[in-house]
Amino acid sequence: MDDMKQKFGVELSYSVVWRGRECAYENLRLGKPEQSYKLLPGYLHMLLQTNLGSIVNLEVTDGNKFQYLFIAFAASIRGFWYCRPVISTDATHLKGKYRGVLFTAVCHDANQHIFPLAIGVGDSENDAAWTWFLKRVKDVFGENPTLVIVSDKHRSISSAVTEAFPRAFHGICIYHLLNNLKTKFKSKTKEWEQHYLQAAKSYNLQEFHVLLYTLCSAVPGAKEYLELVGLDRWTRSHAPCRRYNLMTTNISESFNAVLVKVRELPITAFVNEVRLLCQR
């Protein structure tokens, strides 16, 4: 307001400046959020026409309101067969007017680069939304006994993986589990954290048991907690399938971090930015 008065000699009220700001944001963000949802079906139709082999699933409520969205681009579908069968999945919040949650599934390619597989949008991070998203992932990418799903210890994810991928192995992110340990067991020392990480990454059973003993000596009660979680779910030495180097969900969080700015956009503009990123 002060700048307008100094440069142009015009006095503006706060409400006028605010409305002008919102109009500028609408132009920058390709329209109002409500209009963006109306544009979405047409955009997805053209996406399928120009990206042959891509899979799109848009679900609406009985009142024809947006409920779920799933997208897997053709390049991701073809490329997955040349990647290690370990999928990292995570969710993060959208920041637009109607909020919502972004679900992601990513893996590593042969060059150890982050390879996006699929994205989904839902109302919240609940059992129904996670199950819907992971079932779509299974429909597109399939399932086999060597497949590993890596996530945090979110209750809804565990339930969804069990239902959508009954034959796959569900591993836990070791850093999320470490944070759970810190919260549950208040210890004055931090040396045990390194013992925990070494135990999780160890390939040797004898070395693992030595490290676990050292850890549990420093943190009473940790052994029972970790065994309740399941040693196979957070350690290399006990895992029934190969997790390779994917012991965490860092690649999912890195992918989400790249989208931190565009998560503010209306839905159609947001999907287009994800497309540009995945096809870069």
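This is a short tour of a predicted model, from the whole chain to its sheet, two helices, a pocket and one buried side chain.

**Whole chain**

Start with everything shown as a cartoon. The chain has 13 helices and seven strands. Along the principal axes, its C-alpha atoms fill a box of roughly 75 × 50 × 40 Å. Of the 280 residues, 45% count as buried. Among contacts with a separation of 6 or more, 61% are between residues 24 or more positions apart.

**The sheet**

Now select the seven strands. They form an open sheet with mixed pairing, and the order across it is β1-β2-β5-β4-β3-β6-β7. Look at the two ends: β1 (55-60) and β7 (169-172) are the edge strands, each pairing on one side only. Neighbouring strands of the sheet are turned against each other by 20 degrees on average, with direction ignored.

**Strand β4**

Select residues 101-108, which make up β4. Is this strand buried or exposed? Eight of its eight residues are buried, so β4 is largely enclosed by the rest of the structure. Show the side chains to see how both faces are covered. V101, F103, A105 and C107 are on one side, and L102, T104, V106 and H108 are on the other.

Add β3, residues 86-93, which runs antiparallel to β4 and is joined to it by six bridges. Within this pair, T89 stands opposite A105, and H93 has V101 as its bridge partner.

Next add β5 (114-122). Eight bridges join β4 to β5, and this pair also runs antiparallel. Here V101 stands opposite G122. The two strands form a hairpin with five residues between them. Pick Q112 in the turn: its phi is positive, about 65 degrees.

**Helices across the sheet**

Select residues 155-164, helix α6. This helix lies across β3, β6 (148-151) and β7, and runs at about 160 degrees to β7. Then select α13, residues 267-278. Helix α13 lies across β2 (66-72), β4 and β5, running at about 170 degrees to β5.

**Two helices in contact**

Keep α13 and add α3 (33-50). Two packed helices are described by the angle between their axes and the distance between the axes. The axes of α3 and α13 come within 8 Å and cross at roughly 35 degrees. Show S36, Y37, L39, L40, Y43 and L47 of α3, together with I267, T268, A269, V271, N272 and R275 of α13; these residues make the contact. By class, eight of them are nonpolar, three are polar and one is charged.

**The second largest pocket**

Stay with α3 and switch on a surface. The second largest pocket has a volume of about 340 Å³. Which residues lie nearest its centre? They are Y37, N64, K65, F66 and Q67, out of 18 lining residues. The elements α3, β1, β2 and β5 each supply at least two residues of the lining. Helix α3 gives the largest share, five residues. Nine lining residues are nonpolar, four are polar and five are charged.

**Last stop: E193**

Finally, select E193 in helix α8, residues 191-201. Its relative accessible area is 14%, so E193 counts as buried, the cut-off being under 20%. Display L178 and K182 as well: E193 is in contact with both, leaving aside its neighbours within four places in sequence.

Notes. Residues numbered from 1 in each chain as written. Predicted model: local features only at pLDDT ≥ 70, side-chain atom pairs only at ≥ 80, totals over all residues. Heavy atoms only, no water. Pairing = 2+ DSSP bridges. Helix = DSSP H or I, 4+ residues; strand = E, 2+ residues; numbered from the N terminus. Axes fitted to C-alpha atoms, helices over the stretch in contact; angles between N-to-C directions. Contact = heavy atoms within 4.5 Å. 1 Å grid on protein atoms, 1.4 Å probe; cavity = no way out; pocket = protein on both sides within 12 Å on 5 of 7 lines; lining within 4 Å. Points joined across faces, edges and corners; volume = space filled by probe spheres on them. Nonpolar A, V, L, I, M, F, W, Y, C, P; charged D, E, K, R; others polar. Buried < 20%, exposed > 50% of the residue type's maximum accessible area, 1.4 Å probe, protein only.
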